[in-house]
Amino acid sequence: MDIDQQGELVHPDGDEAPRILLPSEVLPSPIHVLPQEHRPFFPGQAFPLLMRAEPWMPTLQAIQARKQDLVGLIATRHDLKDLPTATDLHTMGTVCRIHRVHREGEQLQVLLEGVQRFRVRQWLHEQTPLLAAVQYFPERPEPRSEEQKAYAVAIINIIKELIPLNPLYGEELKVFLARSNPNEPSLLADFAASLTSANREELQDILETLGLQRRMEKVVVLLQRELEIARAHMEIRRHVEQEIQGRQREVVLRQQLKFIQEELGLSKDDRTAEIEKFRTRLASRTVPEGAARRIEDELQKLSILEPGSPEYGVTRNYLDWLTSLPWGVTSEDTRDLGAAAAVLDSHHEGLADVKERILEFLALGIMKGDVAGSIICLVGPPGVGKTSLGRAVAQALARKFYRFSVGGMRDEAEIKGHRRTYIGAMPGKLIQALRDTEVANPVIMLDEIDKIGASYQGDPASALLEVLDPEQNASFHDHYLDVDVDLSKVLFICTANQLDTIPGPLLDRMEVIHLSGYLDAEKLAIARNHLLPRQLQRAGLKPRGDLRIEPAALRQIIERYSREAGVRRLDKALAALVRKAVVQLLRGAGRPLVVGRDDIERYLGKPPYEPEALEKGVGVVTGLAWTPLGGATLPIEATLIHRQQAGLRLTGQLGNVMQESANIAYSYVRAEADRFAVAGFFDDANLHVHVPAGATPKDGPSAGIAMAAALLSRALGKRPRAGYAMTGELTLTGRVYPVGGIREKLLAARRQRLRDVILPAANQRDFEEVPEAIRKGLRVHFVDTFDAVAQLLFDARADA
């Protein structure tokens, strides 16, 4: 049967029904539909439905616009992650009357009352708002058979058995009796089914069973199973209560026993318990003879001190530290060099030379059976992965890792501890590291060792001399412990951005490994394999399904937004891009959101680095410089102001050493003017040398040959040969001296696509140590005099 648009009851085949519809059975068709995700809803029930306001408010507004208060409620076939469609819903549901709609923030609370069953005949709108033409199945009062009466009695009896086992069933029954007639078997069966904890499929089967007797048979089965579950829960609860009562009784008895022992003088006081705890710790440790004697003396002293005395607390804390150290406890090192190499490769892209040097160090330790005895110092610009590389070394060795920063440290007590005479005295960081890692051979990283300070409280760098000396740290003496501690099994790894500020005696104790900056190709691999997946994980996004950044876009970020030696700025740029992409997705952007090269400026703003067009012209030469952030190109400009009086003016925030280099270059080129065929030019020429950018301080001797080349270019009136960059210190006799930072400077030349580089001949050994990936494609010209520089740039052969 169905109800047509005029409210007449008709059969599905079109024949008119033989009876008249009751007014309460005249229900509209079509109706809007809401999903019920967890359990089907039965006629006669009333409960609040919670849902999100944004997707379902239009459905409720459409119902209101049609001046209806009825909505269909259909259970979903499975749990949903997105908005449901018609295929996600069952065909049988319950039409409900809407009593109240309350919105609070982004949540809707809809109070519904089930009216009767219906089945979807046709979906008129399969997306939200869902709309369907339906067929209703009204429940009419009919004479009950004897079997139906028997099933009704069985249902009521089972419910009576359930009520003592779970009081919630009694509350549900009160609500049902207040709203419904218990003599109606259909409502009784539906109510009983809703009481059970059956799964969604079983309850949907009850809802779709139209025959009353068959439905009651299924409900009795569910109720019987629910009764068995409730009895099992009651038995478990009774058992737990007995356990708790037994434990409480045991606690009371123990308290009574303790009181009896105290009265008889048989119990141990706190002092004795502490001493036993300290001796128990030492049982599994191999304590050196000197430390063992000190511990025994302190234990004897503790045994005669009163617990309330100040000295008791000091002695107890001292023994706590002494017995907490891992005396003789070490972890076993991994002896698989291949596994160590795999760990390093998984943590870092590129850095092949650095990894090879670390593997050589580990191989030597594996061969002799002890990876210790030397101290590694990783030196490189910020963001190249020094700290994470130290953590990777610890993982490759299967050792515990402990890191603390010595940057800005001004108190030597941070290293060697306070003397016990001070209030609040504590051991130094190294002893704390041993206690925290619980082994005597951890990997300890001293971060930012080039930024260590000094004050009236002492010089921490001097305190580190003992720590970082393999000949001395086997008997490291902490001021607090006042006993020798063996640090020779510890692998120390230090990090620094530069070596100039590290004291010479301290630097002499370390094995320095330089980390140069990354090439653009290496940065691209790091961004794709490490940085971007980490940012997507932090934002809760799927790499393919939510956000996809094209390789061209990553290259744009690398070239225009993060042109430094490391990848820290690159990581920040990717974090900013992901944040803005999340905003776009929450505003309804399609998934996946694809970010191309042309979209980068919209997400990250104007790029801080524009493509550098190398300046060309007479008097303009490209130099190479080292900075704490890596290498950089350094354009040097020389121009003629007037020819009234000879002189030289310098600008560009040049330091003292760089000003001296400029004056040496000027004096040399002027003194050798005849040899370079520019005789008479410098007699009355007033020259100006400028090094952009003016706001950046610059210093160092490595721009000597570049300044001389710029002055010679101006004197000759000839442009230098294009595509050349250079670095080297110049002397008054025209010799070219070696400089530092060759790796970083070659990286800067590669970034600017300069293929010809002029280096001092004495730096050839440094050049050969540079990784092949950096040297590839560069034509390096080694010179030992400025005459060779002039020949390369101007084809100017100086006359002897």
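Tutor: Before we start, a contact here means heavy atoms within 4.5 Å. Keep in mind that this is a predicted model.

Student: Thanks! Which residues does Leu547 touch, not counting residues up to four places away in sequence?

Tutor: Leu547 belongs to the largest nonpolar core, which has 54 residues. Leaving out residues up to four places away in sequence, the residues that Leu547 touches are Leu536, Leu541, Lys542, Val578, Ala581, Pro592, Leu593 and Val595.

Student: Which residues of that largest nonpolar core touch the most other members?

Tutor: There is a general background to this: in soluble globular proteins, nonpolar side chains tend to be buried together. In this model, the largest nonpolar core has 54 residues, and those touching the most other members are Leu547, Ile557 and Leu604.

Student: And which helix gives the largest share of this core?

Tutor: The core in question is the one with 54 residues. Its largest share is eight residues, and they come from helix 19 (residues 568–586).

Student: How many residues are in the second, separate core?

Tutor: Among its members are Ala291, Tyr318, Val406 and Cys494. Tyr318 is buried, and we will meet this residue again in a moment. The size of this second core is 50 residues.

Student: What kind of aromatic pair do Tyr318 and Tyr480 form?

Tutor: The pair is one of 10 aromatic pairs in the structure. The ring centres of Tyr318 and Tyr480 are 5.9 Å apart, with 75 degrees between the planes. Planes over 60 degrees apart fall into one class, so the pair of Tyr318 and Tyr480 is edge-to-face.

Student: How many residues apart in sequence are the parts that this pair ties together?

Tutor: Tyr318 sits in helix 9 (residues 310–324), while Tyr480 is in the loop between strand 12 (476–477) and strand 13 (484–485). The pair therefore ties together parts whose separation in sequence is 162 residues.

Student: Which residue lies over the face of Tyr318?

Tutor: Tyr318 already pairs with the ring of Tyr480. The other partner comes to 3.7 Å from the ring centre of Tyr318, and that partner is Arg420.

Student: Where does the charged end of Arg675 sit?

Tutor: Its target ring belongs to an edge-to-face pair of Tyr668 and Phe676, with 6.3 Å between centres and 70 degrees between planes. Tyr668 and Phe676 are both buried. At 5.6 Å from the ring centre, the charged end of Arg675 sits over Phe676.

Student: Let's go back to helix 9. At roughly what angle do the axes of helix 9 and helix 14 cross?

Tutor: Asp320, Trp321 and Ser324 in helix 9 meet Ile431, Gln432 and Arg435 in helix 14. The residues of this contact divide into two nonpolar, two polar and two charged. The axes come within 9 Å, and their crossing angle is roughly 65 degrees.

Student: Is Pro381 buried or exposed?

Tutor: Pro381 lies in the loop between strand 9 (376–379) and helix 12 (386–397). Buried means under 20% relative accessible area. Pro381 has 3%, so the class of Pro381 is buried.

Student: And Thr280, buried or exposed?

Tutor: Thr280 is in helix 7 (residues 270–283). Relative accessible area over 50% defines the class. Thr280 has 57%, so Thr280 counts as exposed.

Key: Residues numbered from 1 in each chain as written. Predicted model: local features only at pLDDT ≥ 70, side-chain atom pairs only at ≥ 80, totals over all residues. Heavy atoms only, no water. Phe/Tyr/Trp six-rings, centres within 6.5 Å; stacked < 30°, edge-to-face > 60°. Helix = DSSP H or I, 4+ residues; strand = E, 2+ residues; numbered from the N terminus. Buried < 20%, exposed > 50% of the residue type's maximum accessible area, 1.4 Å probe, protein only. Lys NZ or Arg CZ within 6 Å of the ring centre and 35° of its normal. Core = buried A, V, L, I, M, F, W, Y, C linked by side-chain atoms within 4.5 Å. Axes fitted to C-alpha atoms, helices over the stretch in contact; angles between N-to-C directions. Nonpolar A, V, L, I, M, F, W, Y, C, P; charged D, E, K, R; others polar.
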